[in-house]
Amino acid sequence: MTYVIGPVTVASLLRDRADDDRPGYVFEDQSWSWRAVVDESGRRAAMLSSLRQAGPFHIGVLLENVPEYLFVAGGAALAGATIVGVNPTRRGAELAQDIRHTDCQLIITDSASAGLLDGLDLGAANGRVLLIDSDAYVVPASADLPKTDPPPETIAFLLFTSGSTSAPKAVICTTERMAVAGQRAAAAYGVTSADVSYCSMPLFHGNALMACWAPSLAVGATVVLRRKFSASGFLADVRRYGCTYFTYVGRTVAYVLAQTETVDDQHHSLRLGFGTEASAQDRVRFASRFGCPLIEGYGSSESVVVIMRTPDTPPGALGVPRLDGGADIAVVDPVTMLACPEAIFDEHGGLINGDAAIGEIVNRSGGGIFEGYYNNDEATTDRLRNGWYWSGDLAFVDSSGYYYFAGRSNDWLRVDSENFAAAPVENILHRFPGAVMVAVYAVPDPRTGDQVMAAVEMGSGAPFDPAAFETFLDAQRDLGTKWSPRFVRLVTEMPLTANNKINKQPLRVSAWNTPEPVWWKPSRGESYRPFTPDDASLLVAEFVAHGRSQLLPR
């Protein structure tokens, strides 16, 4: 058989594993060598090619983290198809819109998830839904690999953004970009063929693919699949399969730490975890409790701005930008288009000049390897305004060049004419004993500007004591004078995106209109007390009196 050698792609990485008899995928009680993985992928390539119709060769996959997901992804890479990772937390018209927007001509799912599609207009995929656990799902018993690989510019994946602040956008990821991301991640995190990578983050998200699956494929490490993340099952899985490396997103680390401590917590094989958005306190606690360091990074599926921690990165900082290919990363005032001044801290570590120092993270050299959003020129153009790449995330930079995350672009609060960002407040509230998760966001003030509201999820068996919380706030020397929450909502479960990031949108929308307990300070200087229906009525009247009733949460 003649094989045409070209640039590195997902298909070429698969071919590199064709004679590799080391373990490739492990799932529950089953395992496949890399040789078998390549064979299974080749059979899916033949199946997908036989089902191809006119139009974009886009295959929607609505599955948990099961081996068939990756077999189909491998088959698509060999056949030149595009995998659209369908987000199972989307519902109804929004789910249908995701599928139509990405021009899926076929949906691969299972009987457990198929009900989500009932009655929906799926566009080109109408009547073309295959269930992997049905007799209609027929994979050839054998198939040769294609003689040539798809071109490197072939779209391998459409990766939906989390959609916590707007409708999700489908990030284009070519087969070359995914392969290169895997090679870089393996080098950066020291992943080798001896590693066992634990994959519990959803496969429709860039973290699982770019930071776990792709680097494992690039070097021949074993991939252990978990259907979906389980905090209680995390350590048991690590021990059962001898996992050495794992990835995380958002608040998964907090949930693992919320599990009951045992004397055996350090009896495992983990050497490293990589992820984003774990708090500084949780990273320290995880390393101390489990003896496993966490490498925290900043990045996205667009892959234009990457910020990594270095050994001397201060606590609470993201790190320094990776300046590949002449990247020019800066924190910029979106109004003046000028770089923000350096952050100034007081003797307690509090940010003094946040109003001026906080801006948006921008790559002034342009979009780099960003390939755009599929079928969304408006969103692509907005990302690349003025020839720069605008991340949509806020940060500030200290005098040594270390970046600190300050929240999303809509995470600004304006209280008593002072502007500040949510993330520094959240970092402080995370210190409150018993708090598992914290979200800080703006709610309207009856007269002008905003008030600070915090949603707090307490750990199991850890009650919220408002007096203790107030004492805690008084003791935080780096808490800005306007930063203390006026409202504190106690959530049973923090709303999360499918990627385990906090979803503030429903919190903002409902504000204090919730059946969950809310504590508040009616005015400055008062102590926290329960927010009652009478309080709500008086607050509404105050909004009306000041002509701001249109801002009331509905």
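1. A quick definition before we start: helices here are DSSP runs of H or I with at least four residues, strands are runs of E with at least two, and both are numbered from the N terminus. Keep in mind as you read that this is a predicted model.

2. With that naming in hand, take Asp-103. You'll find Asp-103 in the loop between α4 (92-101) and β5 (104-109). Although Asp-103 is not a glycine, its phi is positive, at about 55°. Its relative accessibility is 29%, so Asp-103 counts as partly exposed, the class between 20% and 50%.

3. Met-337 is another one to click on. Its phi is positive too, near 65°, and again the residue is something other than glycine. Look for Met-337 in the loop that runs between β16 (329-332) and α10 (354-357). With 25% relative accessibility, Met-337 is partly exposed.

4. Now Met-47, which sits in helix α2 (residues 34-51). Is Met-47 buried or exposed? Its relative accessible area is 3%, and buried means under 20%, so Met-47 is buried. Leaving aside residues up to four places away in sequence, Met-47 touches Ile-108, Tyr-137, Val-138, Val-139 and Pro-140. You can also check its spacing to Ala-79: the two lie 32 residues apart along the chain, with 9.4 Å between their C-alpha atoms.

5. Next, a helix pair. Helix α5 (residues 175-189) packs with helix α6 (residues 206-219) at an angle of about 85°, and their axes are 7 Å apart. Angles from 65 to 115 degrees count as roughly perpendicular, so that is the label for α5 against α6. From α5, the contact takes in Arg-177, Met-178, Ala-181, Gly-182, Gln-183, Ala-185 and Ala-186. Facing them from α6 are Leu-209, Met-210, Trp-213, Ala-214, Pro-215, Ala-218 and Val-219. Sorted by class, the residues of this contact come out as 11 nonpolar, 2 polar and 1 charged.

6. Helix α7 (residues 231-241) is worth a look for what it hides. Which of its residues are buried? They are Ala-231, Gly-233, Phe-234, Leu-235, Asp-237, Val-238 and Tyr-241. The elements covering them include the strands β1 (23-27), β9 (196-199), β10 (222-225) and β11, along with the helices α8 and α9 (280-290). Right after α7 comes Gly-242, with a positive phi near 65°.

7. On to empty space. How many cavities of 30 Å³ or more are there? The count is 1. The largest cavity has a volume of about 60 Å³. Its lining is made up of Tyr-198, Ser-200, Met-201, Phe-229, Phe-234, Phe-246, Thr-247, Tyr-248, Thr-252, Val-253 and Val-256. Both β11 (245-249) and α8 (252-257) contribute at least two residues to that lining. By class, the lining has 8 nonpolar and 3 polar residues, and no charged ones. Phe-234 ties this point to the last one: it lines the cavity and is among the buried residues of α7.

8. Finally, the second largest pocket. It holds about 680 Å³ of space. Its lining consists of 27 residues, and those nearest the centre are Pro-88, Thr-89, Lys-228, Phe-229 and Ala-498. Phe-229 also appears in the lining of the largest cavity. By class, the pocket lining splits into 15 nonpolar, 6 polar and 6 charged residues. Charged residues do turn up here, whereas the lining of the largest cavity has none.

Technical notes. Residues are numbered from 1 along each chain as its sequence is written. This is a predicted model: local features need pLDDT of at least 70, side-chain atom pairs count only at pLDDT 80 or more; totals for chains, interfaces and linings use all residues. Side-chain values use heavy atoms; hydrogens and water are left out. On a 1 Å grid over the protein atoms alone, a cavity is a set of points where a 1.4 Å probe fits but cannot get out, and a pocket is an open set with protein on both sides within 12 Å along at least five of seven lines; lining residues have an atom within 4 Å of a point. Grid points are joined across faces, edges and corners, and a volume is the space filled by probe spheres set on the points. Ala, Val, Leu, Ile, Met, Phe, Trp, Tyr, Cys and Pro count as nonpolar, Asp, Glu, Lys and Arg as charged, and the others, Gly among them, as polar. Axes are lines fitted to C-alpha atoms, for helices over the stretch in contact, and angles run from 0 to 180 degrees between N-to-C directions. Angles under 35 degrees count as roughly parallel, over 145 as roughly antiparallel, 65 to 115 as roughly perpendicular and the rest as oblique. Contact means heavy atoms within 4.5 Å. Buried means under 20% relative accessible area, exposed over 50%, partly exposed in between (1.4 Å probe, protein chains only).
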